[in-house]
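Colleague: Got a minute to walk me through this model? I'd like to start from the inside and work outwards.

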Amino acid sequence: MFYGHYCGAWIIKVLEPRIPLWILMVAVQFVDFLFSLFVLLGIEEVNVVRGFTKVNDLNLVSVPYTHSLIAVIGWSIVYGLLYRYSGYGGGNRAVFLVGLAVLSHWPEDLLVHDKDLLLLTIDDSRSKYGFGLWNYPKVFYPIEILLFYGSFYYYFVNTEVHPSKLHITHTTQPTQPCMANKWAIILLLDSLGTHFFSEYLDPPKNCKLLVSIMLLLYIKTAYFSHKLDKVRVTRHNNCISEKLKLLNE
Ligand SMILES: [Zn+2]
């Protein structure tokens, strides 16, 4: 799963608008961020095996420090504490939701991975789990698409462009809606492009190159969502829109 992980970020952003969207986008992929770094550092091991599953060529040989359930629980606490002392708002509720965003990664991976996920241990010789939906593309793709685009739609209809970004005055017309929504359009086109390329292009055989590309994809998506977050606010939080209505009357 790649884009499906972002589901939690879109939903939590609506539930708790004080959390910056980029922090949530990093949170839901936090263990994959660490996984990529740990592979680059030689701490965890992955091989690229053509046809390993029907959707994904990654054979996760040893990923106990990022993808065991106990490790993900630990990382969600660490990330929550980082948020707690970051100075961003929302209090304990936000800290809990940020931690939950990190934790959401594991059950989604459990659905799609081959049997490579440990539970409450980092002992690689113990039983590993995974329901293997990557071997059933007709089941996997609808779930991935529904999770990402469904939750993005939920975010989109529950937020609106911040009026101050439209540069509205008594005399000028607002910026065209498509310009105001350009980062939403970029995000959608980017996700479609990534799906297309991952489907029709073979990934590099060098696993360190592959995880470096994955890191760039995660950073790029967090950056695009940060730009989107700067121009949108949740509808129930947008008291400025009330002022805008008065201004236009
Ligand atoms: Zn993962």
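**Core, helix packing and a serine**

Modeller: Sure, and keep in mind that this is a predicted model. Ala 101 touches Gly 8, Ala 9, Ile 12, Leu 24, Ala 27 and Val 28, leaving aside residues up to four places away in sequence.

Colleague: Which helix gives the most to the largest nonpolar core?

Modeller: That core has 51 residues, and Leu 24, Ala 27 and Ala 101 are among those touching the most other members. Several elements each supply at least two of its residues, including α1 (7-15), α2 (21-28), α6 (91-103) and strand β2 (58-62). The top contributor, with 8 residues, is α2.

Colleague: How many charged residues are in the contact of α2 with α6?

Modeller: These two helices pack at an angle of about 35°, with axes 7 Å apart. From α2 come Ile 23, Leu 24, Ala 27 and Val 28, and from α6 come Val 98, Ala 101 and Val 102. The split is 7 nonpolar, no polar and, for charged residues, none.

Colleague: Now Ser 62: why does it count as partly exposed?

Modeller: Ser 62 is in strand β2. Leaving out residues up to four places away in sequence, Ser 62 touches Glu 44, Glu 45 and Asp 124. Buried would take 20 or more C-beta neighbours within 10 Å, and exposed would take 12 or fewer. Ser 62 counts as partly exposed because its number of C-beta neighbours inside 10 Å is 16.

Colleague: And what separates the C-alpha atoms of Ser 62 and Leu 117?

Modeller: Along the chain, Ser 62 and Leu 117 are 55 residues apart. In space, their C-alpha atoms are separated by 9.0 Å.

Technical notes: Residues numbered from 1 in each chain as written. Predicted model: local features only at pLDDT ≥ 70, side-chain atom pairs only at ≥ 80, totals over all residues. Core = buried A, V, L, I, M, F, W, Y, C linked by C-beta atoms within 7 Å. Helix = DSSP H or I, 4+ residues; strand = E, 2+ residues; numbered from the N terminus. Contact = placed C-beta atoms within 7 Å. Axes fitted to C-alpha atoms, helices over the stretch in contact; angles between N-to-C directions. Nonpolar A, V, L, I, M, F, W, Y, C, P; charged D, E, K, R; others polar.
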